[in-house]
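Biologist: I would like to learn how to read a model of this kind, feature by feature. Where should we begin?

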Amino acid sequence: MQLTEDFNPSKAVKSLLRRSRQGALATLMVGSGDPYCSLVNVASHPDGSPILLISRLAVHTKNLLADARVSLMLDERVEGDPLEGARIMLSGRAEEAAPGDEILRRRYLSAHPSAEAFVNFQDFSFFRIRPAGTHLVAGFGRILDLKPAQFMTEIADAAGLLQSEQSAVEHMNTDHQEALDLYATRLLGAAGGNWRCSGIDPEGIDLQAGNRTLRLDFPQRVTDPGGLRKMLVRLAEQARTRETASDH
């Protein structure tokens, strides 16, 4: 594979992990071991690993409880020929979350608010896919395999940020709607809309408006609430500067 200066495979994989809300989950059928594929909703852990909320009544849940090996296909959902968009096939093991794992719960519900209607049903549980690797297809000559260290987000040094993430997300959505819209429109070139924050991690902020999702990467890592506030102010000022310049 020949890489070009404008293509960063690690960034491409990270973007798909953060922006994807649906994917194709492949499991192994109990007994026969035959492949079984199903459509699932997904969210992302602060480290980038996929989060699932699935029912024990579903075939795929029964399969992964018997054999935790899974694959998850995520794609860009581009208009026109879907094969022209980037996609990844993530392989790994699905682990059921311990009761009371608030990080998985709040992350998933932030990405899928409608899941509030059934998240407390007895048969539903959160699962987290621990990646073993991924296969990236991002266009002609842009096909390669990546190891977890190349696309996962380091969070060991970011306990302060993770503890304050939910309050920061709620604060941005309640008090700084204008800034979120500026991030989307001025820094990422998206159309205006009711953009809201769905997650924050050391490397960036996730934005969502209906079924549209965006990823805004931070220019530097952020690991604590103070650093996050400074970064969000900095990005808002940058966006306003671009807004002013575009008016002339």
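Modeller: What follows goes from the overall fold to strands, a helix and one loop residue. Keep in mind that this is a predicted model.

Biologist: How many helices and strands does the protein have?

Modeller: There are seven helices and 11 strands. The radius of gyration is 19 Å, close to the 18 Å that the globule rule gives for 248 residues, so the protein is as compact as a globular protein of that length. Along the principal axes, the C-alpha atoms fill a box of roughly 65 × 45 × 35 Å.

Biologist: What share of the residues is buried, and what does the surface consist of?

Modeller: Of the 248 residues, 45% are buried. The accessible surface is about 12600 Å², and carbon and sulfur atoms hold 52% of that area. As for contacts with a separation of 6 or more, 62% are between residues 24 or more positions apart.

Biologist: How far apart are the mean positions of the positive and negative charges?

Modeller: They are 2 Å apart, for 28 positive and 32 negative charges.

Biologist: Now the strands. How should I read the two sides of one?

Modeller: In a regular strand, side chains alternate between the two faces of the sheet. Take β4, residues 50–55, as the case.

Biologist: Which residues of β4 lie on each side, and are they buried or exposed?

Modeller: P50, L52 and I54 are on one side, with I51, L53 and S55 on the other, and every one of these is buried. Both faces of β4 are therefore covered. The count for the strand is six buried residues of six.

Biologist: Which strands pair with β4?

Modeller: One is β3, residues 43–44, which is antiparallel to β4 and joined to it by two bridges. Within that pair, A43 has I51 as its bridge partner. Five residues separate β3 and β4 in a hairpin, and G48 in the turn has a positive phi of about 100 degrees. Another partner is β7, antiparallel to β4 over five bridges. There, S55 is matched with F124.

Biologist: Which other strand does β7 pair with?

Modeller: β7, residues 124–137, also runs antiparallel to β6, with 10 bridges between them. One facing pair is E95 and R128, the latter in β7. β6, residues 87–96, is in turn antiparallel to β5, residues 69–75, over seven bridges. In that pairing V70 stands opposite G92. Read through these pairings, β4 is linked to β7, β7 to β6, and β6 to β5.

Biologist: How do I read a helix in the same spirit?

Modeller: An α-helix has 3.6 residues a turn, so residues three or four places apart point the same way. In α6, residues 177–187, the buried positions are A179, L180, L182, Y183, A184 and L187.

Biologist: What follows α6?

Modeller: G189 comes after α6, with a positive phi near 70 degrees.

Biologist: Last, a loop residue. Where is R221, and is it buried or exposed?

Modeller: R221 is in the loop between β11 (212–217) and α7 (225–246). Residues from 20% to 50% relative accessibility fall between buried and exposed. R221 has 37%, so it counts as partly exposed.

Biologist: Which residues does R221 contact, apart from its neighbours within four places in sequence?

Modeller: They are T153, E154, D157, P202 and E203. For a link back to the hairpin turn, the C-alpha atoms of R221 and G48 are separated by 15 Å, with their positions 173 residues apart along the chain.

Note on methods. Residues are numbered from 1 along each chain as its sequence is written. This is a predicted model: local features need pLDDT of at least 70, side-chain atom pairs count only at pLDDT 80 or more; totals for chains, interfaces and linings use all residues. Side-chain values use heavy atoms; hydrogens and water are left out. Helices (H or I, at least four residues) and strands (E, at least two) are DSSP runs, numbered from the N terminus. The radius of gyration is taken over C-alpha atoms; the globule rule is 2.2 Å times the number of residues to the power 0.38. Buried means under 20% relative accessible area, exposed over 50%, partly exposed in between (1.4 Å probe, protein chains only). Contact means heavy atoms within 4.5 Å. Accessible areas come from the Shrake-Rupley method with a 1.4 Å probe; for residues, only the protein chains shown count as cover. Lys and Arg count as positive and Asp and Glu as negative; His and the chain ends are not counted. The place of a charge is taken as NZ of Lys, CZ of Arg, CG of Asp or CD of Glu. Two strands pair if DSSP finds at least two bridges between them.
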